[in-house]
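Have your viewer open and your selection tool ready. We will go from stop to stop, and each one tells you what to pick and what you will find there.

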Amino acid sequence: MAALQTATPPSQAPRAQLIHIEVDRRLGHEWDEWNGRPLPGGGDFSAAPGLFFRYAALTVAVATAAVALLLYLIGPRLAVLWAPLSQDLWIALGVLAGLSTLYLSVLAASFYGGRNLLPERLMERGPYLQLMNYTSLVARGFGKRDWVEHAAIDVYNTLAERRGRTVGKGELLVLIPRCLSKQALDGVLEIAGRYEVPVFVATRGQLARRVIRERRPRAVVAVACERDMMTGLRDVAGKLPVLGLTMQLPNGPCRDATIDLGQMERWVQGLVAEAPARGRTRQ
Ligand code: SF4
């Protein structure tokens, strides 16, 4: 019996279509929801510090109202468990709201008054970092995230810079992201070369933390967009003095970012210039 050979020559075998997706950038996860449209203001989220203080006050009010509502709803059940419990919790909430308002007032007085009224552990390297992050969450609900974060970082930098910290050349680290434009990158390398400061490209927050763990700097000048800077400051600034330089994103997130090189040089110069070998801290 003759068999009909129908095998397709290898060259004509059906092949899966290979679809090439050309990407001109690798988005950081902070920008996952970016819709591809140009960013508002050409990617410059500069905002007056007052914007942060307004949103921080709103955050304290929202948090107090949320806990008050919860207490109102579960209060009767708590009273069944133990009669004074509900009343005690209301008093605790009142005290907490009062302390938060007082803290915010001291913060604003420090910022606008030109003198830090609390030590850094109670201010920019302490509860302020949490306040920044909660305020950012509330600002997201109003579509003002990047501007409020920018203002919060500006307030943080002002308070941190006023400490007048200086360190030895080998004790400062400059951390930059992978998205800088060529011009910005050249500028950073030039400044770092001038002050003999090592520069690391931190492609992810995890890597940045590893570099810090291994190099053990005594201060860091970090460059990132507002979104990345918020997480970086939250994770690192409590343990190590950090100044955070935000960027402009004229071509959208994660590509061709530009920075204020003059500001970077002032910070690097201020941190390493005339520092004695062991470094010192004023104020
Ligand atoms: S720092 Fe640059 S690469 Fe990182 S998330 Fe921000 S824009 Fe993207």
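Welcome to this predicted model. Begin with the largest nonpolar core, which has 62 residues. Select Phe-52, Leu-172, Leu-175, Val-220, Val-221 and Val-268, the members that touch the most other members. Next, add helix H4 (residues 145-161), which gives this core its largest share, eight residues. Now colour domain 1 (49-157) and domain 2 (164-272) separately: the core lies between them, because both domains give residues to it.

Stay in the core and centre on Leu-172. Which residues does Leu-172 touch, not counting those up to four places away in sequence? Show Val-167, Val-197, Pro-217, Ala-219, Val-221, Val-268, Leu-271 and Val-272, and you have them. As a general note, nonpolar side chains tend to be buried together in soluble globular proteins.

For a contrast in setting, move to helix H2 (residues 83-113) and pick Leu-104 there. Is Leu-104 buried or partly exposed? Leu-104 has 17 other C-beta atoms within 10 Å, and being buried takes 20 or more, so Leu-104 counts as partly exposed. Leaving aside neighbours within four places in sequence, select the contacts of Leu-104: Ala-56, Ala-57 and Val-60. Try the distance tool on Val-60: its C-alpha is 9.0 Å from that of Leu-104, although the two are 44 residues apart in sequence.

Finish at the ligand. Of the 13 residues around the ligand, the nearest are Gly-28, Pro-177, Cys-179, Cys-225 and Cys-254. Colour the shell by class and you will get eight nonpolar, four charged and one polar residue.

Key. Residues numbered from 1 in each chain as written. Predicted model: local features only at pLDDT ≥ 70, side-chain atom pairs only at ≥ 80, totals over all residues. Near = placed C-beta within 6 Å. Nonpolar A, V, L, I, M, F, W, Y, C, P; charged D, E, K, R; others polar. Core = buried A, V, L, I, M, F, W, Y, C linked by C-beta atoms within 7 Å. Buried ≥ 20, exposed ≤ 12 C-beta atoms within 10 Å, placed from the backbone. Helix = DSSP H or I, 4+ residues; strand = E, 2+ residues; numbered from the N terminus. Domains from an automatic or database assignment. Contact = placed C-beta atoms within 7 Å.
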